[in-house]
Amino acid sequence: MSVARMPQVLDRRLALDLAQVSERCAVAAARLRGRGDEEAADLAAMRTCHREVNDIPLSGTIVIGEGVEGECDLLFAGETLGRGGMEVDLAVDALEGSTLCAKNMEGSITVIALAERGSLLKVPVAYMEKLAIGPGYPDGIVSLSQSPQDNVRALAEAKGVPPSDITALILDRPRHAPLIEAVRKTGAAVKLITDGDVAGIIHTTNPQESGVDIYLGLGGAAEGVLAAAALRCIGGQMQGRLVLDTEKKREQAKTLGIRDFSKIYALEEMVRGDCLVAATGVTDGALLKGVRFGREVIETDTIVLRAATGTVRRIATEHRDFRKFRLED
């Protein structure tokens with residue numbers, strides 16, 4: 001599927017602002033990688049993100065953040081950030097893969113998305129069942145209304161290969177044992193990841209490099225919307241279905257305007273209109289290199305995506321002014 005282009009509503013200069021926020025979050029988290037303290041790394045990235053977004057000339061409302069007001073102090077849903085200006089939605093994961101960062105394992109990144117006001121799906125703190133494939137396939141060949149086996153076979157047929165040539169990316173969780181077994185019964189391979197399903201979903205857009213054809217499984221709903229924003233920019237298909245298995249989650253969903261608790265959301269329902277996405281590597285990974293600390297420079301690796309143009313920019317930056325990476329008190 002090709003990316004449907006839309007009017008360029010967002011100021012393109014915000015892309016660089018977003019990249020700088022992402023870079024500074026990554027550096028803050030990377031200072032703590034390998035220290036075994038997930039909470040400290042996460043908090044460092046969150047504080048940096050909050051401070052840096054507040055310095056951008058926009059009026060941004062957090063739609064996807066670190067939680068709900070009262071349960072977290074920073075980057076909660078509904079918080080407004082920025083110096084004033086264009087009204088936009090913000091989706092933030094200041095440190096995706098905090099466990100990966102704490103253990104200095106591959107794949108930890110920072111991700112932030114900016115979209116037209118009212119264009120991001122508001123979701124409760126819950127799981128989301130996710131299904132994603134890259135661009136170049138007919139619409140609707142995979143669906144959450146089908147079994148995992150049928151989706152693997154349909155993708156293989158569309159790709160013109162046997163199911164044994166398909167690789168599915170799945171989070172390595174006990175809850176996914178039946179899913180993993182079902183996929184393997186088709187003859188397809190399964191690649192397991194411990195964390196980082198935003199990057200995992202992005203991997204489906206470039207199977208030649210990543211070796212990943214399809215993403216399947218349950219993960220955070222917030223990360224699902226962030227991943228949808230990335231696919232909105234670079235193409236692909238994605239569906240999500242919220243898992244509202246407690247009364248608290250259902251009540252929270254109702255306050256966000258969700259009435260159909262079993263609805264399958266298409267990519268275009270999770271993210272509408274123009275959007276920008278920036279992601280920076282914290283630790284090395286298949287998608288991005290991690291932060292490099294030198295005596296005179298700090299090096300970062302960032303991608304910036306835009307929906308209106310389908311642009312993918314890779315930014316390899318050498319930072320020499322260390323003052324902008326000041327540590328929190």
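Modeller: UniProt positions are given here in the numbering of this model, and the annotations may be inferred rather than shown by experiment. The model itself is predicted.

Colleague: Which residues does UniProt list for "binding site"?

Modeller: The entry is unreviewed. Under "binding site" it lists D93, E96 and E223.

Colleague: They are spread over 131 residues of sequence; what is the largest C-alpha distance?

Modeller: The sequence spread does not carry over to space, where they cluster. Their largest C-alpha distance is 8.6 Å.

Colleague: Which of the set does the lining of the largest pocket take in?

Modeller: Take the UniProt "binding site" set again, from the unreviewed entry. The lining of the largest pocket takes in D93, E96 and E223.

Colleague: Is D93 buried or exposed?

Modeller: D93 is found in strand β5, residues 86-96. Its relative accessible area is 8%. The cut-off for buried is under 20%. So D93 is buried.

Colleague: Which residues does D93 touch, not counting those up to four places away in sequence?

Modeller: Sequence neighbours up to four places away are left out. One of the listed "binding site" residues, E223, is among the contacts. In full, D93 touches E66, T110, V111, E223 and L226.

Colleague: What is the relative accessibility of E96?

Modeller: E96 is found in strand β5. Buried means under 20%. E96 counts as buried because its relative accessibility is 3%.

Colleague: Where does the side chain of E96 reach D197, and at what distance?

Modeller: E96 touches several residues, including G196, D197, V198 and E223. Its side chain reaches the backbone nitrogen of D197, at 2.9 Å.

Colleague: Which side chain makes a polar contact with the side chain of D197?

Modeller: D197 has its place in helix α6, residues 197-203. D197 is buried, at 6% relative accessible area. Beyond four places in sequence, its contacts include E96, K130, Y215 and E223. The polar contact of its side chain, at 3.5 Å, is with the side chain of Y215.

Colleague: Why does the span of helix α8 agree with its length, and how far apart are its end C-alpha atoms?

Modeller: Helix α8 covers residues 221-234, which is 14 residues. At 1.5 Å a residue, it should span 20 Å. That agrees, because the end C-alpha atoms are apart by 20 Å.

Colleague: How many of the 14 residues of α8 are buried?

Modeller: The buried residues of α8 include A221, G224, V225, L226 and I234. The helix is mostly covered. Of its 14 residues, the buried ones number twelve.

Colleague: Which residue follows α8, with a positive phi?

Modeller: The phi in question is near 100°. The residue that follows α8 is G235.

Colleague: How many of the seven residues of strand β13 are buried?

Modeller: Both faces of β13 are covered. One side has C275, V277, A279 and G281; the other has L276, A278 and T280. Strand β13 (residues 275-281) is therefore largely enclosed by the rest of the structure, and its buried residues number seven of seven.

Colleague: How many bridges join strand β6 to β13?

Modeller: The two strands run antiparallel, β6 being residues 109-116. In this pairing A115 has C275 as its bridge partner. The bridges between β6 and β13 number seven.

Colleague: In β15, which residue is the bridge partner of T280?

Modeller: β13 also pairs with strand β15, residues 298-306, in the antiparallel sense. That pairing runs over five bridges. In β15, the bridge partner of T280 is T302.

Terms used. Residues are numbered from 1 along each chain as its sequence is written. This is a predicted model: local features need pLDDT of at least 70, side-chain atom pairs count only at pLDDT 80 or more; totals for chains, interfaces and linings use all residues. Side-chain values use heavy atoms; hydrogens and water are left out. Helices (H or I, at least four residues) and strands (E, at least two) are DSSP runs, numbered from the N terminus. The expected span of a helix is 1.5 Å times one less than its number of residues. Buried means under 20% relative accessible area, exposed over 50%, partly exposed in between (1.4 Å probe, protein chains only). A polar contact is a pair of N or O atoms within 3.5 Å; within protein, one must be able to donate a hydrogen and the other to accept it, and residues adjacent in sequence count only if both atoms are side-chain atoms. Contact means heavy atoms within 4.5 Å. Two strands pair if DSSP finds at least two bridges between them. On a 1 Å grid over the protein atoms alone, a cavity is a set of points where a 1.4 Å probe fits but cannot get out, and a pocket is an open set with protein on both sides within 12 Å along at least five of seven lines; lining residues have an atom within 4 Å of a point.
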